[in-house]
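Trainee: I am new to this structure and would like a close look at a single part of it. Please start from one loop and follow the chain outward from there.

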Amino acid sequence: MSAMPNVTTHSFTNCSAQAVALAERVAAQLREAIAARGTAVIAVSGGSTPKDFFARLSREALDWAQVTVTLVDERWVPDTDARSNAKLVETTLLQNAARAARFVPLYTGTPTPDAGLAEAEARIAALPAPFDVVVLGMGEDGHTASFFPGGDRLAEALDPQGTAKVLPMQAPGAGEPRITLTLPVLLDTRALYLLVSGEKKRDLLADVRLGLADAKNYPVRAVVKQDRVPLAVYWCP
Ligand SMILES: O=C1O[C@H](COP(=O)(O)O)[C@@H](O)[C@H](O)[C@H]1O
């Protein structure tokens with residue numbers, strides 16, 4: 001991937017090494033946050049990619065009782081559902097030493113994200129800002145968080161001046177209805193990571209960074225082409 005001033009890329013020859021390196025980096029930042037302010041807040045992605053990273057991070061020695069974990073987005077399903085991002089976090093990250101952390105989910109149990117929006121917004125508004133760490137993922141369609149191509153509220157979610165912290169999202173490629181933190185909230189962080197694997201995602205990111213025409217429709221562009229906070233991409237094959 002080519003160089004852009006706001007983006008650094010860390011490439012690894014295998015995904016275990018990627019998970020270890022990111023877990024060590026994030027743990028150090030959580031420790032620094034606790035030392036400086038007494039608490040730390042981290043927002044993480046779901047999907048399949050972060051599993052190994054979560055497992056490694058859960059074993060890091062730090063004062064997890066002072067850490068709040070939340071999600072960058074959620075599929076609107078109960079946390080017993082295999083597709084639930086909360087379920088992933090609960091079963092992989094909130095284990096071992098990290099069992100002591102506080103978890104703030106986005107799913108509220110209402111039938112729709114619209115019905116749960118006020119509660120989810122209140123939960124995020126109650127967290128300290130800026131976040132200490134945000135770890136994003138990315139789909140092969142160029143979505144990040146639940147910023148999906150063709151999303152019904154995509155423009156609103158990506159509006160740098162938008163005031164909503166959380167928005168519902170529906171899109172053809174999203175499966176179930178979603179809820180997502182908005183771009184201004186995700187960029188209001190001391191450290192921002194994009195955890196990705198595979199050649200297709202690497203090539204997609206390269207297209208975004210080169211500004212190729214097709215890449216204009218990839219929502220991940222909003223976190224790559226911004227100058228609010230440096231982005232560190234962690235990539236493995
Ligand atoms: O649906 C989602 O997908 C993305 C990417 O997931 P992956 O399985 O390709 O790693 C994820 O970042 C997001 O949190 C999730 O809701």
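Trainee: Between which helix and which strand is the loop where G38 is found?

Mentor: Keep in mind that this is a predicted model. G38 is found in the loop between helix 1, residues 15-37, and strand 2, residues 40-44. It counts as exposed because it has 10 C-beta neighbours inside 10 Å, and a residue with 12 or fewer is classed that way. F54 is 16 residues from G38 along the chain, and 22 Å separates their C-alpha atoms.

Past strand 2 comes another loop, which leads to helix 2 (51-58) and contains T49. Is T49 buried or exposed? T49 is buried, because 23 C-beta neighbours lie inside 10 Å and the class begins at 20. Leaving aside residues up to four places away in sequence, T49 touches G137, L195, V196 and S197. R31 is 18 residues from T49 along the chain, with 24 Å between the two C-alpha atoms.

T49 also belongs to the surroundings of the ligand. Of the 13 residues there, T49 is among those that come nearest, together with S45, G47, S48 and G137. By class, the shell has nine polar, two nonpolar and two charged residues.

Strand 2 itself pairs with strand 6 (133-136) in the parallel sense, over three bridges. Within that pairing, V44 stands opposite V135. On its other partner, strand 9 (residues 192-197), strand 6 again pairs in the parallel sense over three bridges, and there V135 has Y193 as its bridge partner. V135 therefore has a bridge partner in each of two strands, V44 and Y193 in strand 9.

Strand 6 is covered on both faces. V133 and V135 are on one side, V134 and L136 are on the other, and all four are buried. As a general rule, in a regular strand the side chains alternate between the two faces of the sheet.

The stretches on either side of strand 6 hold two backbone features. Before the strand, P130 lies in the loop that runs from helix 4 to strand 6. The peptide bond from A129 to P130 is cis, with omega near -5°. After the strand, A145 lies in the loop that leads to helix 5, residues 154-158. Phi of A145 is near 45°, a positive value in a residue other than glycine. In general, most residues other than glycine have a negative phi, and most peptide bonds are trans. A145 is buried, because 30 other C-beta atoms lie within 10 Å. N96, in the loop between helix 3 (85-93) and strand 5 (102-104), also has a positive phi, near 55°. It counts as partly exposed because it has 15 C-beta neighbours inside 10 Å.

Helix 4, which comes before the loop with P130, has 13 residues, 113-125. From first C-alpha to last it reaches 17 Å, close to the 18 Å expected at 1.5 Å a residue. It has a kink of about 30°, centred on E119. P113, G116, A120 and I124 are buried in this helix. An α-helix has 3.6 residues a turn, so residues three or four places apart point the same way. The cover over the buried residues of helix 4 includes strand 3 (67-71), strand 7 (166-169), strand 8 (178-181) and helix 6 (183-187).

Two of those covering strands pair with each other: strand 7 and strand 8 run antiparallel and are joined by four bridges. Among the partners, P168 is matched with I179 and M169 with R178. From strand 7, V166 and P168 point one way and L167 and M169 the other, and all are buried. In strand 8, R178 and T180 point one way and I179 and L181 the other, again all buried. Strand 8 is also joined to strand 4 (residues 73-75) by three bridges, in antiparallel fashion, with E74 partnered by I179.

Conventions. Residues numbered from 1 in each chain as written. Predicted model: local features only at pLDDT ≥ 70, side-chain atom pairs only at ≥ 80, totals over all residues. Expected span 1.5 Å × (residues − 1). Bend = angle between axes of the 7 residues up to and from the residue. Contact = placed C-beta atoms within 7 Å. Near = placed C-beta within 6 Å. Nonpolar A, V, L, I, M, F, W, Y, C, P; charged D, E, K, R; others polar.
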